[in-house]
Each structure stands twice: as C-alpha cells, then as structure tokens.
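Colleague: Could you take a close look at the aromatic pairs in this model, and then say how the nonpolar interior is put together?

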Amino acid sequence: MLYDIPPSIRNRMRYLERLDGRHRRENVRQFDRLRQVPPATGRFLAVLAAGAPEGRYLEIGTSGGYSTLWLALACREGKRRITTFEIADEKIKLARQTFRSAGIEDIVDLVEGDARKHLKAYKGVSFCFLDAEKRHYLTCYNLVVPLLCRKT
Ligand SMILES: C[S@@+](CC[C@H](N)C(=O)[O-])C[C@H]1O[C@@H](n2cnc3c(N)ncnc32)[C@H](O)[C@@H]1O
C-alpha cells in the first residue's frame, strides 16, 4: 500500500506538500492555510485505517485533501470508500481538484458544509479522522461515537 503509491496520487501529495510549505513560510493567515498533516502522520493514518474493521470511513476537515489522499490508499487496499467533510469554499475547490487529479473520485465523497449538521445521517462507521477546529472536537466526538460499528 505504501510502496506502490500510484503516480497520480504521489504527484498530488508533492504538490500539496509544496503549497503547505509555502503557506507556512509566508505566514499565510490561519484560515487560508492548508494546515495539513505532515507526511509521516499521513503514512501512520493510512496504516491505522487499513486495520479498521469493515465499515464506513469518515474524515472531518478535508482542507486540500492531503490526508484524504493517504486514507484513500487504505480504501483502495480494502475496497472501501471515505466520506470527508469540509466547510470552507476555497478548500472545497482545492480538494475537488485533488481528488480529480489523483484519480480517486470513485472512492471519495466530499460533503460540503459543517460536519456537525451532517454526521447524524451516517452509520456503520469503522474509522474517523477528526481534524477540524479544536473548538468543534467535543461536539464532533459526541456525534461520531454513536455511529461507530463494533468489531466482529
Ligand atoms: C487542520 S485542517 C484539515 C487538514 C487535513 N485533514 C489534512 O491533513 O490535509 C482543518 C479543516 O477543517 C475545516 N473545518 C473546520 N471546522 C469544520 C466543520 N465543522 N465541518 C467541516 N469542516 C470543518 C477547515 O475549514 C479546515 O480546512
């Protein structure tokens, strides 16, 4: 899974890593920055997700789709899908470009808007990466826990 990353996904990872690096160097304001996980955390997420039981994968806080790319590797491995939530218009645009250019539109559903309003519609969740604003964590956590499936 981590040793045969398709070139389309790897290229888009590199692109987002460069963009994120530029945002940090140029002190772009917090709201506009990608604020994505570092590559080592992306790898860790992919391994963690690949070991999750059967069920739906969720991600709260897509940004430009960098962490989704790593999670998508686990989805491809296990023939699963991921639903990712993003509230900011510019990030939604960038994430859609990411999923198109990486060729993973078939395994990613991007839900536009505040995750807190949408989460209740899901069930059978086996994995959730919560990476939104810290002040939303407790609310999101309390919404997601009842959606989790049990390991069989
Ligand atoms: C830390 S960034 C996510 C980084 C991304 N997971 C990655 O590693 O590539 C947080 C993102 O969550 C989004 N966000 C914050 N609160 C949200 C909410 N309630 N629902 C959906 N998205 C939210 C922000 O707009 C921002 O793009």
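Modeller: Both Y66 and W70 are buried, and I would begin with them, bearing in mind that this is a predicted model. The two residues sit in helix α3, four residues apart, which is about one turn of the helix. Their rings make an edge-to-face aromatic pair, with 6.3 Å from centre to centre and 80 degrees between the planes. A second pair joins F85 and Y122, whose ring centres are 5.6 Å apart and whose planes stand at 90 degrees, so this pair is edge-to-face. Because F85 belongs to strand β2 (residues 82-86) while Y122 lies in the loop between α5 (115-118) and β4, the pair ties together parts that are 37 residues apart in sequence. F85 is buried, at a relative accessible area of 2%, and Y122 is buried as well, at 16%. A search of the whole structure finds three aromatic pairs, and these are two of them.

As for the interior, the largest nonpolar core has 31 residues, and those with the most contacts inside it include Y57, L69, L71 and F127. Among the elements that give two or more residues to this core are α1 (7-25), α4 (89-102) and β4 (125-130), but the largest share, eight residues, comes from α3. Apart from this core lies another, of 12 residues, with I60, V125, C140 and V144 among them. Returning to Y57, and leaving aside neighbours within four places in sequence, its contacts include A74, C75, I82, S126 and F127. Finally, an aromatic ring also meets a charge in this model, where K91 lies over the face of F31, at 5.7 Å from the ring centre.

Definitions and conventions. Residues numbered from 1 in each chain as written. Predicted model: local features only at pLDDT ≥ 70, side-chain atom pairs only at ≥ 80, totals over all residues. Heavy atoms only, no water. Core = buried A, V, L, I, M, F, W, Y, C linked by side-chain atoms within 4.5 Å. Buried < 20%, exposed > 50% of the residue type's maximum accessible area, 1.4 Å probe, protein only. Contact = heavy atoms within 4.5 Å. Phe/Tyr/Trp six-rings, centres within 6.5 Å; stacked < 30°, edge-to-face > 60°. Lys NZ or Arg CZ within 6 Å of the ring centre and 35° of its normal.
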